[in-house]
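Student: I would like to go through this model with you, starting from the cysteines and ending at the ligand. Please show it first.

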Amino acid sequence: MAVAATRAATRSSSRAFSVAAVNQWSAISANGSHSNASSLTLKNKFVQTRGLKQINFGGTVETVYERSDWPREKLLEYFKDDTLALIGYGAQGYGQGLNLRDNGLNVIIGVRKNGASWKAALEDGWVPGENLFEINEAVEKGTYVMNLLSDAAQSETWESIKPLLTKGKTLYFSHGFSPVFNDLTHVEPPKDIDTILVAPKGSGRTVRSLFKEGRGINSSYAVWNDVSGKADEKAQALAVAIGSGYVYKTTFEKEVNSDLYGERGCLMGGIHGMFLAQYEVLRENGHSPSEAFNETVEEATQSLYPLIGKYGMDYMYDACSTTARRGALDWYPVFKDALKPVFQDLYESTKNGSETKRSLEFNSQADYREKLEKELQTIRDMEIWRVGKEVRKLRPENN
Ligand SMILES: NC(=O)c1ccc[n+]([C@@H]2O[C@H](COP(=O)([O-])OP(=O)(O)OC[C@H]3O[C@@H](n4cnc5c(N)ncnc54)[C@H](OP(=O)(O)O)[C@@H]3O)[C@@H](O)[C@H]2O)c1
């Protein structure tokens with residue numbers, strides 16, 4: 001109840017704040033880079049729906065923008081004179097591209113001809129010569145150039161793309177990687193064009209699936225160059241257009257450091273390492289594979305982690321036995337203290353560019369896909385993940 005009341009109060013003060021924001025936005029729009037006529041239309045038509053919100057995130061107040069701030073008609077109006085040239089059709093290109101298309105925006109895809117992405121784009125209904133082109137042709141046609149090539153490829157193709165990024169275009173990334181580490185990547189956005197970032201906090205596959213379910217991924221956004229004075233607004237609009245539910249502001253530097261850190265830590269590398277360590281100790285102490293797997297991964301992913309996701313950590317504790325609760329309360333600080341130095345090293349390694357250097361060197365090799373496949377095969381061959389395959393088959397819904 002107390003939580004609900006605080007939330008309601010925060011929301012109601014947010015609404016009060018929104019009125020000022022509406023006025024501020026209207027004033028900006030009237031001088032904006034889109035034509036004054038369309039800005040005025042926007043002002044009249046959408047003034048009721050605009051509202052940046054101040055949310056109290058555990059004691060720190062931050063500004064967020066929600067999908068409701070950019071209804072579809074407003075997006076169509078905002079981008080009505082634009083061609084969104086999305087280059088690269090990996091996980092993000094797929095998710096963002098199809099969401100933009102379904103939102104009715106004028107989006108074209110640029111990928112190298114006859115590569116895996118070209119074939120994938122054809123399968124998804126993109127038509128060569130109409131909305132599917134080779135990379136440079138798409139960049140030439142676009143007013144927005146959405147660079148969703150792999151981070152290594154952004155660096156490799158930069159010399160040919162850069163001269164095509166002429167005045168008036170807007171350059172977009174989904175990761176701060178290339179501009180922030182430009183001493184390694186050599187990607188230096190031209191100073192005379194707006195350069196923005198929207199980074200979905202999830203895989204491109206999830207960007208798509210949440211959109212199709214009527215939900216939305218959370219994303220961050222940032223501005224590198226603001227030449228038009230409208231870069232912030234462009235990023236917010238594009239964030240919603242690609243399928244974000246809400247967006248929060250960051251900087252290119254903070255985005256890249258937190259992203260590289262997170263995926264190496266709790267999101268992927270750290271959790272994988274923790275699963276392996278727990279499983280191995282159980283096996284060394286004579287536990288069967290199915291017992292070790294169930295106590296390590298299956299119960300986590302099928303029962304407890306979804307509770308954290310839906311209702312929070314305290315709820316998960318509350319849902320467990322008093323015995324489990326007591327033990328977890330005693331042991332989480334031990335794990336935290338043991339792991340914190342590892343996380344400190346990891347953060348330093350992202351901040352000083354070591355992780356970027358490693359990623360560029362590995363992913364620029366001609367045979368990087370084969371090498372990656374070999375490492376993934378090593379994971380597939382681990383006992384724990386072979387056991388997982390059998391355990392998943394035993395789930396009643398998979399019988
Ligand atoms: N995946 C995620 O979860 C995620 C989340 C948030 C942000 N991001 C960011 O979004 C961006 C795109 O990531 P992604 O995962 O969607 O893509 P990705 O799988 O890393 O990259 C795939 C694309 O890059 C192209 N490519 C690779 N090497 C190339 C080269 N030498 N020349 C031309 N094209 C080349 C591929 O084309 P071919 O098929 O022709 O090889 C493909 O279209 C990155 O900046 C990434 O950091 C990713």
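## Cysteines, sheet and ligand shell

Tutor: This is a predicted model. A search of the whole structure finds 0 disulfides.

Student: Is Cys 320 buried or exposed?
Tutor: The cut-off for buried is under 20% relative accessible area. Cys 320 has a relative accessibility of 19%, so Cys 320 counts as buried.

Student: And Cys 266, buried or exposed?
Tutor: Exposed means over 50% relative accessible area. Cys 266 has 56%, and therefore Cys 266 is exposed.

Student: In what order do the strands of the open sheet run?
Tutor: The sheet has 10 strands, and their pairing is mixed. Strand S1 (53-57) and strand S5 (132-133) are the edge strands, each pairing on one side only. The order is S1-S2-S10-S9-S8-S7-S6-S3-S4-S5.

Student: Which residue of S5 stands opposite Gly 110?
Tutor: Strand S4 covers residues 107-110 and is joined to S5 by 2 bridges, the two strands running parallel. S4 is also joined to S3 by 4 bridges, again parallel. In S3, Ile 87 stands opposite Gly 110. In S5, the residue opposite Gly 110 is Phe 133.

Student: Which residues of strand S3 are buried on each side?
Tutor: In a regular strand the side chains alternate between the two faces of the sheet. Strand S3 (residues 84-87) is covered on both faces. One side has the buried Leu 84 and Leu 86, and the other has the buried Ala 85 and Ile 87.

Student: What is the phi of Asn 114?
Tutor: Most residues other than glycine have a negative phi. Asn 114 is in the loop between S4 and H5, and counts as exposed at 53% relative accessibility. Its phi is positive, near 70°.

Student: What is the phi of His 186?
Tutor: His 186 is in the loop between helix H9 (182-185) and strand S8 (194-200). At 52% relative accessibility, His 186 counts as exposed. Although His 186 is not a glycine, its phi is positive, about 65°.

Student: How far apart are the C-alpha atoms of Ala 239 and Ile 217?
Tutor: Ala 239 is in helix H11 (residues 231-241) and is buried, with a relative accessible area of 0%. Ile 217 is 22 residues away from Ala 239 along the chain. Their C-alpha atoms are separated by 9.7 Å.

Student: At what distance does a polar side-chain atom of Ser 117 lie from an oxygen atom of the ligand?
Tutor: Backbone atoms also make polar contacts with the ligand: a polar backbone atom of Ala 91 is 3.2 Å from a ligand oxygen, and a backbone N or O atom of Gln 92 lies 2.7 Å from a ligand oxygen. For the side chain of Ser 117, the distance is 2.5 Å.

Student: How much of the ligand does the protein bury?
Tutor: Taken alone, the ligand exposes 900 Å². Of that area, the protein buries 79%.

Student: Which element gives the most to the shell around the ligand?
Tutor: The shell has 24 residues, and Tyr 89, Gln 92, Ser 117, Asp 151 and Arg 369 are the closest. They divide into 8 nonpolar, 12 polar and 4 charged. Helix H4 (91-102), helix H5 (116-123) and helix H7 (151-161) each give two or more residues. With 5 residues, the element that gives the most is H7.

Key:
Residues numbered from 1 in each chain as written. Predicted model: local features only at pLDDT ≥ 70, side-chain atom pairs only at ≥ 80, totals over all residues. Heavy atoms only, no water. Pairing = 2+ DSSP bridges. Disulfide = S-S within 2.5 Å. Buried < 20%, exposed > 50% of the residue type's maximum accessible area, 1.4 Å probe, protein only. Near = heavy atom within 4 Å. Polar contact = N/O pair within 3.5 Å; in protein donor to acceptor, adjacent residues only side chain to side chain. Areas by Shrake-Rupley, 256 points an atom, 1.4 Å probe, with all protein chains shown as cover. Nonpolar A, V, L, I, M, F, W, Y, C, P; charged D, E, K, R; others polar.
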